[in-house]
Amino acid sequence: ERALQGDDRRAATDAARALDDALEQVRDVSARIQRETKRAAGLFYPRARSIEQIQASLEPGDALALYGLCLGEAVALVVEPEGERLVALGSRQSVERACDTLALRDRGDDPTEALSTLGRLLVEPLALGEGVRHVLVSPDGPLCFLPWGALFDRAVAVTPSGSTHALLREEERAPGVGVLALGDPDYVGAEKGAQAIYFRGRTLSPLPATRTEA
């Protein structure tokens, strides 16, 4: 057989190089899929982080309040960068009753008293220092439906757990550009199932002021 020469050799070399490039792209895509799958698994099924790892994820001025409704008592684990402490909040029944008072009131009723009661039960016992500027709240049960921004006198954000917060802080993300603002949702089209789950089956009211805010 005749050896490859001239154009035949160049064509074979180009084909081999193209094949190598294609295989490298396949390896890159496969590696990216594996990384994304691992990241998604860590997000939806995160491994519990230690207190030290959660503390390391907090910024100076942060405090994480992990609420729990135990069999007969409500408690909160307060985690700050320099330490942690367990706070007793009183009976679970008292906390749940205060949540119901706010949730089941008539729309025209003034919520000030109900919010004051919840603040006395859930916020004041935490005894957060003046140095705490940002509170991360991980609620439990009916506490998930509370307007936490109205209970604290400082910035508040809700997080599913300390482990999830630590996981999200580990994610490398590029700085965001621009703002996505959502407001004045159309509750008329909300499914009854969603209303029952999130709003105890009550008819939802329009929020026209949120359009102005957005």
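**Exercises: a charged patch and a covered strand**

Glu113 counts as exposed because its relative accessibility is 66%, where exposed means over 50%, buried under 20% and partly exposed in between (1.4 Å probe, protein chains only). This is a predicted model, in which local features need pLDDT of at least 70, side-chain atom pairs count only at pLDDT 80 or more, and totals for chains, interfaces and linings use all residues. Residues are numbered from 1 along each chain as its sequence is written, and side-chain values use heavy atoms, with hydrogens and water left out.

**Exercise 1.** Place Glu113 in its helix and its surface patch.

Solution.
- Step 1: Glu113 belongs to helix H4, residues 112–122 (helices are DSSP runs of H or I with at least four residues, strands runs of E with at least two, numbered from the N terminus).
- Step 2: Together with Asp106, Asp109 and Asp110, Glu113 forms a negative surface patch.

**Exercise 2.** Describe how strand S1 is covered and which way its residues point.

Solution.
- Step 1: S1 spans residues 62–69, and eight of its eight residues are buried.
- Step 2: Asp62, Leu64, Leu66 and Gly68 point one way, while Ala63, Ala65, Tyr67 and Leu69 point the other way.

**Exercise 3.** Find the partners of S1 and of Ala65.

Solution.
- Step 1: S4 (residues 134–138) runs parallel to S1, joined by five bridges; strands pair if DSSP finds at least two bridges between them.
- Step 2: S2 (residues 73–80) runs antiparallel to S1, with six bridges, and a hairpin of three residues connects S1 to S2.
- Step 3: Ala65 stands opposite Val137 in S4 and opposite Val78 in S2.

How values were computed: Patches are made of residues with over 30% relative accessible area and no salt bridge: like charges are joined within 9 Å, nonpolar side chains (Val, Leu, Ile, Met, Phe, Trp, Tyr) within 5 Å. Accessible areas come from the Shrake-Rupley method with a 1.4 Å probe; for residues, only the protein chains shown count as cover. A salt bridge is a side-chain nitrogen of Lys or Arg within 4 Å of a carboxyl oxygen of Asp or Glu. Lys and Arg count as positive and Asp and Glu as negative; His and the chain ends are not counted. The place of a charge is taken as NZ of Lys, CZ of Arg, CG of Asp or CD of Glu.
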